[in-house]
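This report describes the fold, the packing and the charged contacts of one protein chain. The reader is asked to keep the structure in view while reading.

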Amino acid sequence: MIGKLLICAQFIFTVLMPLAVSAQNQDVQEDVEAVQSAHDLFYIRKYSEAIAAYKPLLKTPLRPNTRDAIRINMGRCYVHLGEDALAAQTFRAIIDDNPSGSYASQAVHQIGNLYIQRYQYNDAIRSCNDLVQKYPKSHAAEIARYLIAQYLNSGGMVDKAIQNYRGFLNDYPNSVYHVSALHSLVRLYLVRDRHDEAHELLQDYLRQNSGDTDLMEQLADLYKQQGKHSEAFSLYHAALEHNPNDINLLKKIGELHAERGERNQAVHEWSKIIENGSIQPHRYQQLGEIYVSNQMYDEAIEVYQTALIRDTTSVSLYTKLADVYKIQGQIENAINTYLRALNAVDIGYSSRDRLIENIAEIYEGEQQDRLFAKIAARLKTERRKSPQNPKLVLALGEIYFHQGNLDLALESFSRIHQVYPPDRGRYLEKYAHILERQKHPKAVDYYEKIISLFPDSVMAWTAKMKVARIYVTMARWQDALAVLNQMAQRHEDVNTLLLLGHVWLHGIHDVAVAMKTYQSLMSQPLTSAQETEVQLRLAECQILQGQHNLAQNVLRPMAGGHGKFKAEAQKLIGDSLLLQERFEDAVKAYHTVLEIAAFHPASNDALDRIVLINSNSDFNREPLKRYVKTLHAYLKGQTDDALKQGAETIDLYPHALIIDELRLLFGDIYLNQGDHTSAIDAYHQVVNFESPRAPEAQSKIADIYRWRLGDVRKAMQMYSTLIDSHPESVVVAYARQQINEMQKMLSE
C-alpha cells in the first residue's frame, strides 16, 4: 500500500511540477519595457549600448525564455563588436543551462558562425565536436552533429561529409534536419558518382515513407540522369498525383519528353502549368521561362503577352518579354516593351530601375547615347499629350539621370510632387542618395532642391545635414560651417553639434571653439555612445592645448574598457605622448592600438605613427621633434607658424629622412585651406625626389583632380602614372579601383 502511495505521489509530482514551474514563470514580474528598450538598441545596431542595458536586466527577475533571448542578443552584440571570446562564452552559457532548450539550438548555430564567417571550417567543426562530447543525446548535440556534416560539405571535404551525414541520419531519424541531410547526402553521392548508393538510399527511405513526394522526385531525378526514362516518368507522375499543381514536376515531365524528342507531349505537359492556375500571372512567367530555355521563342512571347493582360504592372514580365525580343534581334520591339512598362508600372515600384538598366544594356557608347536621346524625345512627346501623368514625368527624369543629364533629371524629379502629391520629394531624395554614394558634387544640388521645395519638413533637415557632410568630405569647411551654424540656430540637435565640433576641430582647427561646442553638448541628453564620443573629442582638444594629464585621465578608462571607441581612445593616448616627444612610450601606445583592433581605422593611423617615429631617428631625432612641433601648430590652427617651422626644418636639415613627411604635411595643410595648386606643388616635390612616399603623394594628386577639381580624365592620367611608376606599391590596388569607377562613370 505504501509503495502504491509513493508511486502515486511520484506521478503527481512528475505531472504537476512542470505546471507549477510554468505558473511560477508566469508570475515572474519582469520589466517588460526595459527589456524591449534593450532589444530596440540591439535592433538599431547600437551594440555597446545594448550590452550595457542587457547586463543589469540579467540580475532582475526574468522568465527563462526572456533570459535566453537577452543572452542570445548579447552574444550577437559581442560578435558585431569583434569580441568573439565573450560571444562564445555567452552562447555556451545558454547551452550549459539547458542543452535541449529551444535557445540552445540558436546558440549552437551562433558558435559555429563565429568561425564560418571567416571560413574557418576546421575550427567550427572542432567547436561542434566539443558540444557533441559535452552534451551527448541532447538537442544541442543533434544540431551540432548536423552542422559538422554541413561544414565538412561547405569546406569541400566531401567524403568526410558523406560519412557524417550517414551517421546523423542513423542517429537522429526523427530530426527536423533529416530531410535536408538526406538530400545533401544524395547530392554528394552523385558528386562522387556513387549512383548505386544514392539509389539504394532513396529506395530504402521511400519504402519507409511511401507517400513522400520529395523522395519520389529525387529518385526520379536520379533515374533521369541514368537515362531510365520509364522509371523516371512513373515516379514523377506518382508524385504529381499527390501534388497536381506542382509546377516543378510538370516542368520536369515536359523536359523529359523534350529530351526524348517528343515536342508535342512536352508542350502538352507544360501547358498544364497555366491550366491549373490560369489566374496567377507568375505561372505564365514560369511557363515562358521554360519555353525560352527550350528555344521556343514565339510560344514564350505569346505567354508573356497573355500574362501582361492579367498583370499590367509586372516589371519582371515586361523584362522577360523584352529579353525574348532581344534574343530574336527585334530591338525595336524590346524598346517599345520597355516604354510600355515605364508608362504602366506605378510610381513607388523600386524595380522600375531595372527597366532603365535593361535599356542601357541594349547598346554601348554612342549607340547607347542615341538610344537614350530617342527614348527621351518619345517620352517628351507623350508628356506633352498628358502633362499630368506622373509616370511619364518620372520616366523622363529616370532616362535623363541614366543618360548623365543630371540638370534635366533634377528638373523632372522636382515636378513629380506636383503631379503626384504622395511623393513629397522621395524620388529627389533617392537620386540625391545615389549621387552622394558616387561622391558626385551634383548631390548638393539635389539636396538643396529638397530644402527649397520642402523647407519645413524632416526631409529638409536631413538634406541639410547631408549637404554639410558632403562639404566636410570635400574639405569645404567654411561652407559646412555656414550650413551647420544655420541649423544650430534653429535647433541645437546633438548630431548637428557633433558635426559642428568636428568641423571646428578637424577642419578649421580652432580648438577653443571646438571645445566650447563639445562642452555645450554635455548638458544635452545623450546616448552612451554620443557621450563617449564627446568625451573623446574633449580629450583631443585638451591634448592639443597641452593638458595631457587631464586628457589621459579620461582616455585610459575608455582604452581599457569595451566598445567601439576603445581603439580610438588608445590612439589618442599615443598622440598625447607623441606631442610630448615621449617617442618610445608613444610607440608602445600605438602598438596597443594594433592589438585592440588590427582593422580599425585608428590602427592605420597608429601604424603610420609607429613608422614615422622608428624611421626618423637621424640627427638625434631633432628633425623628428621639429616635425612634431610643426604638426602640433597645424592641428591648433596656427597654419602660418606650421609652414614657417617646417620650412626652417628643411633649411636646417636638408638631408634629414623626415623631409618627405614635411612636404606631405605641407600638401595636407594647403589642401585643407582649399589651395589646390600649392597642395599639388608640395606633393609633386615628393614625387620628383623619387621618395619612398612618392606613390602616396601621387595618389593624393590624383585624388585632388578627381574629388576636388572634378577633372576625371586628369585624375585617371595621374592614377595610371602611379600604376606604371610604382607597380609594387600597395597604393596600386586603390588606384586601379578609382580608374575602374571613373571608367564606369564615363561610360554612363
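The text below treats the overall build, then the nonpolar cores, one helix, and the salt bridges.

The structure is a predicted model, in which local features need pLDDT of at least 70 and side-chain atom pairs count only at pLDDT 80 or more, while totals for chains, interfaces and linings use all residues. Residues are numbered from 1 along each chain as its sequence is written, and side-chain values use heavy atoms, with hydrogens and water left out.

**Overall build**

The chain holds 41 helices and 0 strands; these are DSSP runs, numbered from the N terminus, with H or I over at least four residues for helices and E over at least two for strands. Along the principal axes, the C-alpha atoms fill a box of roughly 95 × 95 × 55 Å. Of the 748 residues, 47% count as buried. Buried means under 20% relative accessible area, exposed means over 50%, and partly exposed lies in between, with a 1.4 Å probe and protein chains only. The accessible surface comes to about 37,400 Å², and 49% of that area belongs to carbon and sulfur atoms. Such areas come from the Shrake-Rupley method with a 1.4 Å probe; for residues, only the protein chains shown count as cover. Among contacts (heavy atoms within 4.5 Å) between residues at least 6 apart in sequence, 50% join residues at least 24 apart.

**Nonpolar cores**

In soluble globular proteins, nonpolar side chains tend to be buried together. A nonpolar core is a set of buried Ala, Val, Leu, Ile, Met, Phe, Trp, Tyr and Cys residues joined through side-chain atoms within 4.5 Å. The largest core has 221 residues, and those touching the most other members are Y54, I95, F401, F413, Y446, Y518 and L555. Helix 8 (residues 139-154) gives the most to this core, with 10 residues. Leaving aside residues up to four places away in sequence, Y518 touches L498, G501, H502, L505, V534, R537, L538 and C541. Of these partners, C541 is buried, with a relative accessible area of 0%.

**Helix 32**

Helix 32 (residues 566-579) has 14 residues and reaches 20 Å from its first C-alpha to its last, close to the 20 Å expected. The expected span is 1.5 Å times one less than the number of residues. In helix 32, 13 of the 14 residues are buried. Just after helix 32, E581 takes a positive phi of about 65°.

**Salt bridges**

How many salt bridges are there? The count comes to 30, where a salt bridge is a side-chain nitrogen of Lys or Arg within 4 Å of a carboxyl oxygen of Asp or Glu. The table gives examples within helices.

| Pair | Closest N to O | Helix |
|---|---|---|
| R126 and D123 | 2.0 Å | helix 7 (residues 121-134) |
| K385 and E382 | 3.9 Å | helix 21 (residues 365-385) |
| R426 and E429 | 3.2 Å | helix 24 (residues 426-437) |

K385 and E382 are separated by about one helical turn because they lie 3 residues apart in helix 21. An α-helix has 3.6 residues a turn, so residues three or four places apart point the same way. K385 is exposed, at 64% relative accessibility, whereas E382 is partly exposed, at 35%. R126 is partly exposed, at 46%, and D123 is partly exposed, at 25%. E429 is buried, at 14%. Elsewhere, D68, R71 and D97 are linked in a network of salt bridges.
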